Each structure stands twice: as C-alpha cells, then as structure tokens.
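Got the viewer open? Here is a short walk through the model, one selection at a time.

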Amino acid sequence: GFPLRWADVTILAGQYKTGELCTLLPETPDSWLDALRDVNCKLVSKAKSQLTPFAHQYGNEAEWNERIRLATAFCEEAAGKEGTKQSRTEKAIQAWGNHIMEGRECCSVVGPPF
C-alpha cells in the first residue's frame, strides 16, 4: 500500500541490487513532487559537506567523490526544466537513494519514515 513505510524499505533493501529500489512510487501525488525533489537534493548536499571528510579519513575518497559527482549531476537535472516533474523527481530520488545511499535508504514519501 501507499505510502511505503520505513519498515518496507528496510525489508526490501536486501532484495534488490543498487539502482533498483529507490524510485518514484506510481501512487505519488503531484502535490508531493516539489518537496521530494527538494528534500532528496538537500540530503545529497548535506552528505557532501558532512561525510566527505570521513571518506578521506577512511581511504574511500575516490569512490565517494564519484558517488557525490553522480548524485550532484542528478540533482542538477532535477532542478532543471527538461522532462516532466515526475522524471525530474525520479532523478532526485535516485541521487540520494541510489548514488549516495546505494539502495540502503530511500526518500520517496513526504513525511516521517512510518
């Protein structure tokens, strides 16, 4: 059912390969699209500023920088005017959920994760 609960994401996360889980849900109301784009790309921005020092510290800098580069590019596309609102929102959800979190966490519902 809709909306997807946090427990559903946790259970499903182990069943999918990276890139297959975090997507715009078909039942998503149009009224949520702007908020979903905004929150997902803000999460990418926060991850970049707050987690990059750890990547350097633990020797994952090249991989992390590539994930940040891809997520940032997806957010730039999401902020543009090309495509539909749905396709731009999909890009933002993938930026956070697939590129940064590698399918371990998705933000495809407006509101707390329950």
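Start at Gly97. Leave out the neighbours within four places in sequence, and Gly97 is in contact with Cys22, Glu102, Gly103, Arg104 and Glu105. Keep in mind as you click around that this is a predicted model. Gly97 sits in helix α4, and at 0% relative accessibility it counts as buried. Now add Leu43 to the selection: 54 residues separate it from Gly97 in sequence, while their C-alpha atoms are 9.7 Å apart in space.

**Next: the whole of α4**

Select residues 85-100, which make up α4. How far apart are its end C-alpha atoms? They are 22 Å apart, which agrees with the 22 Å that 16 residues should span at 1.5 Å a residue. Look along the helix for a bend of about 35°, placed at Gln94.

Is α4 mostly covered or not? Mostly covered: 12 of its 16 residues are buried. Among them are Arg88, Thr89 and Glu90, and the run from Ala92 through Ile93, Gln94, Ala95, Trp96, Gly97, Asn98 and His99 to Ile100 is buried too. What do these buried residues pack against? Show α2 and α3, and you have the partners. Just past the helix, click Glu102, which follows α4 and has a positive phi, near 50°.

**Now bring in α3**

Colour residues 61-79, helix α3, and view it next to α4. Their axes are 7 Å apart and the helices pack at an angle of about 170°. Angles over 145 degrees count as roughly antiparallel, so that is the label for α3 and α4.

To see where the two helices meet, show side chains on both:

- On the α3 side, pick Trp64, Arg67, Ile68, Leu70, Ala71, Phe74, Cys75, Glu77 and Ala78.
- On the α4 side, pick Arg88, Lys91, Ala92, Gln94, Ala95, His99 and Ile100.

**Then the cysteines**

Show every cysteine as sticks. How many disulfides does the count come to? The count is 2.

Go to Cys22 and Cys106 for one of these: they are joined with an S to S distance of 2.0 Å. The link is left-handed, with -75° about the S-S bond. Cys22 lies in the loop between α1 (6-13) and α2 (33-57), and Cys106 in the segment after α4, so the bond ties together parts that are 84 residues apart in sequence. Both Cys22 and Cys106 are buried. You have already met Cys22 as one of the contacts of Gly97.

Jump to Cys41 and Cys75, where a disulfide has an S to S distance of 2.2 Å. This link is left-handed as well, at -100° about the S-S bond. Here Cys41 belongs to helix α2 and Cys75 to helix α3, so the pair ties together parts that are 34 residues apart in sequence. Cys41 is buried, and Cys75 is buried too. Cys75 is also among the α3 residues that meet α4.

Number the bonded cysteines of the chain in sequence order and the pairing reads 1-4, 2-3.

**Last stop: Cys107**

Which cysteine sulfur is nearest to that of Cys107? It is the sulfur of Cys106, 8.8 Å away, and Cys107 is in no disulfide. A disulfide needs the two sulfur atoms within 2.5 Å. Cys107 has a relative accessible area of 15%, so it counts as buried.

How values were computed
Residues numbered from 1 in each chain as written. Predicted model: local features only at pLDDT ≥ 70, side-chain atom pairs only at ≥ 80, totals over all residues. Heavy atoms only, no water. Helix = DSSP H or I, 4+ residues; strand = E, 2+ residues; numbered from the N terminus. Buried < 20%, exposed > 50% of the residue type's maximum accessible area, 1.4 Å probe, protein only. Expected span 1.5 Å × (residues − 1). Bend = angle between axes of the 7 residues up to and from the residue. Contact = heavy atoms within 4.5 Å. Axes fitted to C-alpha atoms, helices over the stretch in contact; angles between N-to-C directions. Parallel < 35°, antiparallel > 145°, perpendicular 65-115°, else oblique.
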